[in-house]
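Here are my notes on the model you sent, set out point by point so that each can be checked against the coordinates. I begin with one residue and its surroundings and come to the whole chain afterwards.

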Amino acid sequence: MKMFIYIDATMATEDAHSALVTEVNTILSDLQNTNKVKRRKALERLHHLAFETETYENQEAQDKILDFSLKHLVTCLADQSEVNRIKSSEIILTFSLRGVVKQGQLVHLIPFLHHRLATVPQVEESEDVRLVQVNIISSITTQFQGAMVPYINDVVGVLKEAVLDVSPEVRKAAAECVSCFAKATREKFHMQSESLAKPLVKALHHQRFRNRVAAVTALGDLLLYGDSKVIQDVSGPLAQCVMDLPQVRLVLAEVGGSLALHMPDRHSYWHRILPLLLFGLKDEDKDVRCKATQLWEQVGHKYEEENVDQLKQEIDFDVPPPDYPPGEVRPGIGCRSLVQRSLYHILPGLLTDLDDWQAGPRLHAAKLLAVLILNADSGVTQYAEKVLTALHLAAGDKEASVVKQVNECGRFLGCFLPPSVFLPLVLPRLGAGHHGERPLVVLAALIEGSSTALLQPCLPDLISVLAEEDVALVFGEAHQEALLCVIRTLLYKCDFSENSFKMFYLLLFIASSSSGENASVAQEGLKELSKNCGYEEIQELYHKHTREVLDRLMVAVGSWTEGSPSFLLLGGLMKLAGPALGHELEILTKILTACTVKGEDPFVCLHCLNQLRHLLVGESQPLAAGGQLEVWLPVLVSKCMREHLVWRAGATAETLRTAAVACLEAACSTGVTTQPMIEEVKECTVLLPALIEDDAEMTRLFACSVVQCVATTYTCLIDTNTLHTLADKVLKRLDDVARAVRLKAAHVLNVLFQDLPEGYDVTLNTAHLQDLCKDALIFLDDPDEQFQEAVCDWLERMKSVCPDLLIKLLESEAHKFRNAHICHRLITSMKTLQVT
């Protein structure tokens with residue numbers, strides 16, 4: 001019974017095989033038909049037979065189908081109908097993916113694919129067909145691995161063209177196929193790898209980022225499994241990918257890490273491999289940064305393990321430098337040794353990129369330099385001059401992001417270089433203005449990273465260079481901003497209790513010559529310097545150094561202009577020093593005298609007079625602090641003010657006249673009544689009548705104020721003639737064009753007649769008083785009510801001087817006024833006084 005069953009099964013198998021052969025033969029016969037529609041239908045039947053019937057589960061049946069049909073399918077790859085070519089290609093791809101294709105069949109398939117895809121001009125026109133055929137190569141490569149070596153020329157020929165295909169999908173598939181093929185044929189791939197380098201480099205510039213990702217990966221595998229010499233041609237283009245999207249940069253970091261870990265000849269090309277990985281340590285994207293950091297640690301550990309004997313001493317005596325950059329993790333010895341070994345080769349190209357015409361390369365070069373300095377640690381010392389030269393150039397970059405990285409490079413460098421090494425390289429660049437503010441920017445960063453213990457002994461030499469004229473006395477805003485940055489860093493790092501003057505001099509000049517934020521920062525710096533030196537109040541700092549500054553100014557005084565550094569220092573000192581100037585009034589007077597003499601620059605003279613006035617009118621009276629004001633104020637009036645009170649033609653003389661009379665008013669308001677001061681005021685009083693009638697409104701206003709001060713403080717100078725002269729001139733100002741002058745004149749008249757000169761005879765001066773009162777009466781009808789009241793107040797004052805005369809005038813003139821009630825009020829007041 002069993003025998004019959006076996007025979008039946010055998011007969012059934014033979015029948016099925018016979019039917020399959022018959023069906024395949026029928027299909028293959030139709031594939032040779034001249035009608036493309038019949039060929040298409042034959043391919044569809046073949047696809048149905050192979051993959052959609054029971055034979056799909058039968059490996060033996062599929063083998064036979066492929067054996068019978070492969071040559072015909074390969075022939076269909078050249079079919080005139082694109083649909084037929086696609087269908088035949090898909091059938092072959094499906095057979096390949098199922099592992100049906102045998103090694104012996106490759107001899108029929110691969111040469112034909114090479115003919116279709118690698119012939120120039122390209123034979124296969126359809127992008128879809130080319131994509132499927134490239135996928136066929138990838139599939140059979142995955143299946144046969146090393147058995148693909150005999151076909152390496154054909155496959156590489158196809159891939160060279162496919163990675164530059166016009167179709168993005170074909171390009172991407174070809175790049176992925178390169179990676180697959182390189183791994184599969186790693187033993188012989190180096191023989192043909194070089195020919196793929198240029199096409200893949202061109203593929204790096206495709207507009208689709210996925211294609212660029214595939215190209216970067218392919219180049220990585222090309223270097224890993226191919227000829228290592230190719231890295232000389234591809235490392236540069238790969239490094240440019242650091243400016244690409246995060247997805248591309250992530251793959252680039254992975255490729256760099258893979259090469260650093262596994263590339264056979266990596267020891268000869270560290271300087272080309274490391275940048276591909278180290279770029280990622282400063283990447284903006286967190287994923288890229290984390291991946292690069294992880295790979296870099298692995299590379300360092302592996303290098304340390306491979307060279308443990310050579311690195312034993314460093315491992316045993318590894319001590320981190322003091323003041324290591326905050327927020328940074330010190331790399332391992334393997335990482336540091338690798339960078340120190342490669343720095344010589346990396347730096348030239350990197351420093352060239354720092355001067356690139358595009359901002360992107362400059363920024364990434366600066367970032368890489370910061371990473372290299374941090375990893376090189378103390379090993380960067382031998383390259384300090386080259387690195388500092390590059391940083392000096394990059395510190396003037398227009399891009400703030402580049403300058404930020406330069407500052408970071410400087411901080412790292414300052415941590416690893418002692419000041420005794422970097423100061424001789426930086427300080428000669430500060431002067432003469434050849435390099436602008438760039439050396440100061442670098443110096444500030446170096447100082448910030450340096451150790452206080454090492455920096456303090458170098459402080460005197462450093463401050464001496466900073467205080468030189470071509471460094472300290474420069475007006476550029478950018479230069480002063482950079483200098484302030486250096487100063488602030490030094491104040492934070494060092495003790496200036498024994499070296500405070502030069503720093504005070506620097507800050508005072510910036511506060512005097514700059515405007516806006518720099519001036520504010522400099523004044524804050526003076527406060528910090530005061531605290532640094534242990535003073536509770538900033539005035540203590542001014543008391544200590546004002547005399548020395550004035551001594552320097554005294555040596556340089558003469559022929560100053562508004563742009564002279566010494567003149568600006570004087571202005572700043574007069575503005576900021578306050579009471580400290582009162583203790584040095586003698587030398588200050590000599591300097592001001594030299595600045596305000598006739599023939600000196602008018603602007604200098606004007607500025608000195610204005611600053612002197614502010615010092616005299618200040619509520620705290622800073623010039624009186626040293627008790628010397630009574631001695632030197634008469635000299636200031638005589639030497640600085642009086643000469644400019646004399647009338648001279650011209651707008652410049654007019655401005656100086658205004659400033660001088662304003663300053664005189666301030667001097668008279670101080671209350672100094674010594675005999676020398678009285679004599680000087682007497683000399684100036686002679687000039688007041690002309691000043692009261694000056695063309696300049698402010699001159700007339702201040703002249704009236706001086707008359708008021710003389711009448712109240714220096715009453716001994718007011719005799720009968722002086723009183724009448726001044727009163728006549730002031731009375732005329734009641735009709736002035738300026739309201740402020742008119743009001744002032746009315747108040748001054750009131751003060752003038754408050755205390756009459758000793759022996760003043762009203763009877764003898766009746767005519768003069770009558771003229772004064774009569775001229776003043778007309779202003780009682782003035783439309784300005786405030787001015788009316790001021791004139792009325794003066795007339796009220798005059799009722800105690802000449803009441804009878806005033807009553808007679810008022811009664812005779814009252815009917816002429818619109819405001820007659822004012823006259824009647826004055827009459828009533830005076831009659832009441834008479835009765836009393």
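1. Once neighbours within four places in sequence are left aside, His392 is in contact with Leu425, Val426, Arg429, Arg438, Pro439 and Val442. The residue itself sits in helix α18, which covers residues 384-394, and with a relative accessible area of 4% His392 is buried. Please keep in mind, here and in every point below, that this is a predicted model.

2. The chain as a whole is built from 43 helices and zero strands. Its radius of gyration is 49 Å, well over the 28 Å that the globule rule gives for 836 residues, so the chain is more spread out than a compact globule. Along the principal axes, the C-alpha trace spans about 170 × 75 × 55 Å.

3. How much of the chain is buried? Of its 836 residues, 53% count as buried, and the accessible surface of the chain comes to about 37,900 Å², with 51% of that surface belonging to carbon and sulfur atoms. Among the contacts in the chain with a separation of 6 or more, 72% are accounted for by residues 24 or more positions apart.

4. On charge, the chain carries 79 positive and 108 negative charges, and the mean positions of these two sets are 6 Å apart.

5. A reader interested in the cysteines should note that a search of the whole structure finds zero disulfides. Cys458 is accordingly in no disulfide, and the nearest cysteine sulfur, which belongs to Cys494, is 9.1 Å away; since a disulfide here requires the two sulfur atoms to be within 2.5 Å, that separation can be read directly against the cut-off. Cys458 counts as buried at 16% relative accessibility, and Cys241 also counts as buried, at 6% relative accessibility.

6. Ile92 belongs to helix α4, residues 82-97, and counts as buried because its relative accessibility is 1%, where buried means under 20%. Not counting residues up to four places away in sequence, Ile92 touches Leu73, Val74, Leu77, Leu109 and Ile136. As a marker of distance, the C-alpha atoms of Ile92 and Ala203, which are 111 residues apart along the chain, are separated by 28 Å.

7. Arg336 deserves a look for its surroundings: it is placed in helix α16, residues 333-353, and is buried, with a relative accessible area of 6%. Beyond residues up to four places away in sequence, Arg336 touches Asp318, Arg330, Pro331, Asn375 and Asp377, so that list, with the charge convention that Arg is positive and Asp negative, holds residues of both signs.

8. Which backbone angles call for a second look? Most residues other than glycine have a negative phi. Gln145, however, has a positive phi of about 50° although it is not a glycine; this residue lies in the loop between α6 (127-144) and α7 (152-162) and is partly exposed, with a relative accessible area of 34%. Ser559, likewise not a glycine, has a positive phi of about 60°, and its place is in the loop between α28 (538-556) and α29 (565-576), where at 64% relative accessibility Ser559 counts as exposed.

9. Asp287 is found in helix α14, which runs over residues 286-306, and at 53% relative accessibility Asp287 counts as exposed, given that exposed means over 50%. Asp287 and Arg249 are 38 residues apart in sequence, and their C-alpha atoms are 9.8 Å apart in space.

10. Where does Thr722 lie, and what does it touch? Thr722 lies in helix α38, residues 720-732, and, not counting residues up to four places away in sequence, touches Thr685 and Leu717. With a relative accessible area of 18%, Thr722 is buried, because the limit for that class is under 20%. Thr722 and Thr75 are 647 residues apart in sequence and 131 Å apart in space, C-alpha to C-alpha.

Notes. Residues numbered from 1 in each chain as written. Predicted model: local features only at pLDDT ≥ 70, side-chain atom pairs only at ≥ 80, totals over all residues. Heavy atoms only, no water. Buried < 20%, exposed > 50% of the residue type's maximum accessible area, 1.4 Å probe, protein only. Helix = DSSP H or I, 4+ residues; strand = E, 2+ residues; numbered from the N terminus. Rg over C-alpha atoms; globule rule 2.2 N^0.38 Å. Contact = heavy atoms within 4.5 Å. Areas by Shrake-Rupley, 256 points an atom, 1.4 Å probe, with all protein chains shown as cover. Charge placed at Lys NZ, Arg CZ, Asp CG, Glu CD.
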